[in-house]
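Below are some notes on the model you sent over, arranged as numbered points. They go through the sheets of one chain, then the contact between the chains, and then the helices and a hairpin of the other.

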Amino acid sequence: MSDILLETRNLHRSFGGVHAVRDVSMKVQAGTIKAVIGPNGAGKTTLFNLIAGTVAPQQGEVFFRGKRITAWKPHAVASLGIARTFQTTKLFPHMTVHENVMVGRHPRTRAGFVAGMLSLPWTWREDRETQIKAADILQDLDLASCSQEIASNLSFGRQRLVEFARALATEPELLLLDEPAAGLNIYETQELSKLILKIRDRGVTCLIVEHDMSLVMNISDDVLVLDQGRWVAEGPPAAIQRNPDVIRIYLGDEHA
Amino acid sequence: MRLRIYYPVIAAALLIVVLHLALAATGKTFYMTQITMSAYYALVVIGLCLLMGYAGQISLGHAGFFAAGGYTVAVLTTCNLNGLRQTPLVEWLSRLGVLVSWRDLYGNEVLSVSPWPAFIAAILLTALIALAIGLPVIRLKGHYLAMATLGFGLIIYRLALGAKVLGQADGISGVPAFHLLGELQINGRTPFRIQNYYIAWSAVLVAMVLALNLVNSRVGRALRSIHQSEEAAHSLGIDTYRYKLATFILSAVLAAAGGAMLTHYNGSIGPSEVTVMKSVRYLAIVAVGGMANLWGAMIMGILLNFLSLRGVFGSFDDAVFGAILIGIMLFAPQGLLRVPKLQVLTSLLSRRSHG
């Protein structure tokens with residue numbers, strides 16, 4: 001099979017007395033879509049935060065392309081090629097859609113304080129490139145029509161797409177999507193599925209936390225099931241759907 | 001398209017000349033003294049505007065940074081090293097051309113640091129102080145910077161009042177003119193009034209150009225993004241801590257530059273420049289100007305300081321600035337110079353140029 005892009009080893013994190021993630025080890029193959037599922041409180045988002053650097057693990061390690069990135073700060077993780085979206089969309093509300101995506105170019109550009117203050121000619125070129133790249137991404141996601149719109153004026157579904165575009169602007173190798181279908185209607189969810197597949201086909205590996213089973217089962221190559229912070233099962237969607245432990249978690253003992 | 005941000009700078013430069021001519025025509029050139037002083041205070045406000053309006057951090061200690069700049073140049077340019085001429089350090093500095101020999105009012109020979117090195121020292125020292133304050137504090141979430149800088153301001157105030165080397169309640173006077181280049185000098189004496197009016201305005205416009213460049217650059221975009229959603233900014237590869245710290249240091253340095261230049265202009269500095277009310281005043285001015293509005297902050301900085309220096313507010317001076325702050329927070333949190341219509345207009349214009 002292909003290479004391992006992301007790996008966690010025995011990750012552990014508790015908050016107060018609650019063990020949000022217990023001893024979770026898993027691997028993500030490059031070029032695949034992997035879903036993390038589980039009931040509420042299973043530790044899915046915490047797992048994401050441990051990978052993205054928002055929360056530091058108390059035990060365990062995270063490796064990206066074989067490089068140890070445990071407890072790296074979010075900006076360093078992002079610069080390395082891991083982008084993310086949030087469960088509750090976090091756009092820059094007073095910026096235009098275009099500007100939001102331009103901020104996403106940050107790790108791929110370099111004008112700093114001194115160059116910025118002096119407005120050196122190379123920073124103009126860089127900024128021009130940033131504008132064009134951002135516009136291209138918006139075009140690609142069919143968002144060109146609202147590129148000059150203030151982000152907070154957009155509909156919920158659109159905001160989600162812009163957050164997507166912004167994450168893609170960082171040119172990630174791995175995209176972490178935290179419940180991308182939450183709050184979307186059936187039609188929007190279908191569009192989202194297509195989009196995620198399109199992104200995967202361009203070589204961006206996706207790790208998705210999701211409640212929407214139709215989305216998960218339709219597009220993922222691989223599924224990880226968590227329950228109360230623990231690893232329960234891992235495997236292709238078809239196998240997961242037949243797994244008695246998984247059925248027990250979702251439907252109760254009598255169905256297993 | 002990028003040049004568009006400089007149009008107001010050109011307009012401002014023309015207005016400055018027109019103002020000079022108007023004052024000359026009406027025989028009110030003495031106003032230029034207070035305008036010059038206000039311009040140096042405006043440097044503090046421009047820096048604070050970057051910090052508050054763009055990076056979203058509050059400082060209640062900018063009078064302290066202003067004073068750090070002012071007192072450093074005052075001490076260095078007035079200290080008399082004549083007695084220490086023979087020591088290796090002074091000899092070495094002398095050979096480097098850092099020291100200058102001059103005669104004071106009583107005809108005594110004084111050997112002190114010349115203004116340019118003193119100015120550079122003031123900037124570096126202030127940057128170091130800001131780094132020392134910001135390094136531990138900016139890491140914390142919330143308005144801890146406001147509290148830390150408030151404490152810093154109080155310490156500097158007490159130091160100014162208590163330390164002999166800083167002249168205690170009298171402050172430091174007899175600060176020499178700052179010879180910038182050739183005939184150009186920061187000098188408060190009447191024959192130099194017009195020249196200094198233009199020097200001070202040049203300093204303001206240079207600061208404005210640098211600040212405008214910055215806020216329209218990748219860094220400015222990053223700062224605005226931090227202000228609007230720190231978590232998202234962080235997740236996009238922006239080192240939020242470093243950006244906030246760097247902006248804090250930059251704004252402290254601008255305050256120090258204003259303090260140093262005004263001290264040369266006035267020939268003196270005293271503890272009244274370091275009071276907490278001065279810091280509150282700078283903050284109030286940025287708030288009136290519209291927070292993330294460099295032009296608003298600069299214009300208000302000049303206008304309100306000018307009125308204050310002319311004594312328009314009388315003995316209610318501090319109360320006026322306190323009231324302004326409360327009024328803005330209550331009734332116009334977006335600032336006075338943020339007319340919605342104006343924004344609609346600019347967004348329409350920018351839409352057209354993007355399209």
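In which sense, parallel or antiparallel, do strand β3 and strand β9 of chain A pair, and over how many bridges? The points below begin with that pairing, and all of them refer to a predicted model.

1. Strand β3 (residues 33-37) and strand β9 (residues 222-227) of chain A run in the parallel sense, and four bridges are found between them. Two of the partnerships can be named residue by residue: Ala35(A) has Val223(A) as its bridge partner in β9(A), and Val36(A) has Leu224(A). In a regular strand the side chains alternate between the two faces of the sheet.

2. That pair belongs to an open sheet of six strands in chain A, whose order is β6-β7-β8-β3-β9-β10 and whose pairing is mixed. At the edges stand β6 (82-84) and β10 (230-235) of chain A, each of which pairs on one side only. From one strand to the next, the twist averages 20°.

3. On its other listed pairing, β9(A) meets β10(A) in the antiparallel sense, over five bridges. Asp227(A) is placed opposite Arg230(A) of β10(A). The hairpin formed by these two strands has two residues between them, and Gln228(A) takes a positive phi near 45° there.

4. Helix α7 (residues 186-201) of chain A lies across three strands, namely β3, β7 (174-178) and β8 (205-209) of chain A, and it runs at about 145° to β8(A).

5. Chain A also has an open sheet of four strands, in the order β2-β1-β4-β5, with antiparallel pairing. Its edges are taken by β2 (18-29) and β5 (67-68) of chain A, and because each has a single partner strand, one side of each is left without a neighbour in the sheet. Within this sheet, strand β1 (residues 4-15) and strand β4 (residues 59-64) of chain A run antiparallel and are joined by five bridges, with Phe63(A) of β4(A) as the bridge partner of Glu7(A). Helix α1 (residues 44-52) of chain A lies across β1, β2 and β4 of chain A, at about 115° to β1(A).

6. Turning to the contact between the chains, 27 residues of chain B are in contact with 31 residues of chain A. On the chain B side, at least two residues each come from α7 (193-215), α8 (218-228), α9 (230-235), α10 and α14 (340-354), and α8(B) gives the most, with eight residues. By character, the residues of chain B that touch chain A divide into nine nonpolar, 11 polar and seven charged.

7. Is α8(B) largely enclosed or left open by the rest of the structure? Since 11 of its 11 residues are buried, α8(B) is largely enclosed. The buried residues of α8(B) include Arg218(B), Arg221(B) and Arg224(B), together with Val219(B), Leu223(B) and Ile226(B).

8. Helix α3 (residues 62-78) and helix α10 (residues 240-266) of chain B pack with their axes 7 Å apart, at an angle of about 45°, and the two helices are therefore oblique to each other. Their crossing is right-handed. Among the residues that make the contact are Phe65(B), Phe66(B), Gly69(B) and Gly70(B) of α3(B), and Ala255(B), Ala256(B), Gly258(B) and Gly259(B) of α10(B). The contact residues divide into 12 nonpolar, seven polar and no charged.

9. Tyr265(B), which is found in helix α10 of chain B, deserves a separate entry. Tyr265(B) is buried, with 25 other C-beta atoms within 10 Å; the cut-off for calling a residue buried is 20 or more. Leaving aside residues up to four places away in sequence, Tyr265(B) touches Thr36(B), Met37(B), Tyr40(B), Ile186(B), Gly188(B) and Asn196(B). The C-alpha atoms of Tyr265(B) and Ala200(B) are separated by 9.6 Å, although these residues are 65 residues apart along the chain.

10. The last point concerns strand β1 (residues 99-103) and strand β2 (residues 109-113) of chain B, which pair in the antiparallel sense over five bridges. Arg103(B) stands opposite Glu109(B) of β2(B). Five residues lie between the strands of this hairpin, in which Gly107(B) takes a positive phi near 85°.

Key. Residues numbered from 1 in each chain as written. Chains lettered and ligands numbered in written order. Predicted model: local features only at pLDDT ≥ 70, side-chain atom pairs only at ≥ 80, totals over all residues. Axes fitted to C-alpha atoms, helices over the stretch in contact; angles between N-to-C directions. Parallel < 35°, antiparallel > 145°, perpendicular 65-115°, else oblique. Left-handed = near helix turned anticlockwise from the far one by under 90°. Contact = placed C-beta atoms within 7 Å. Nonpolar A, V, L, I, M, F, W, Y, C, P; charged D, E, K, R; others polar. Buried ≥ 20, exposed ≤ 12 C-beta atoms within 10 Å, placed from the backbone. Pairing = 2+ DSSP bridges.
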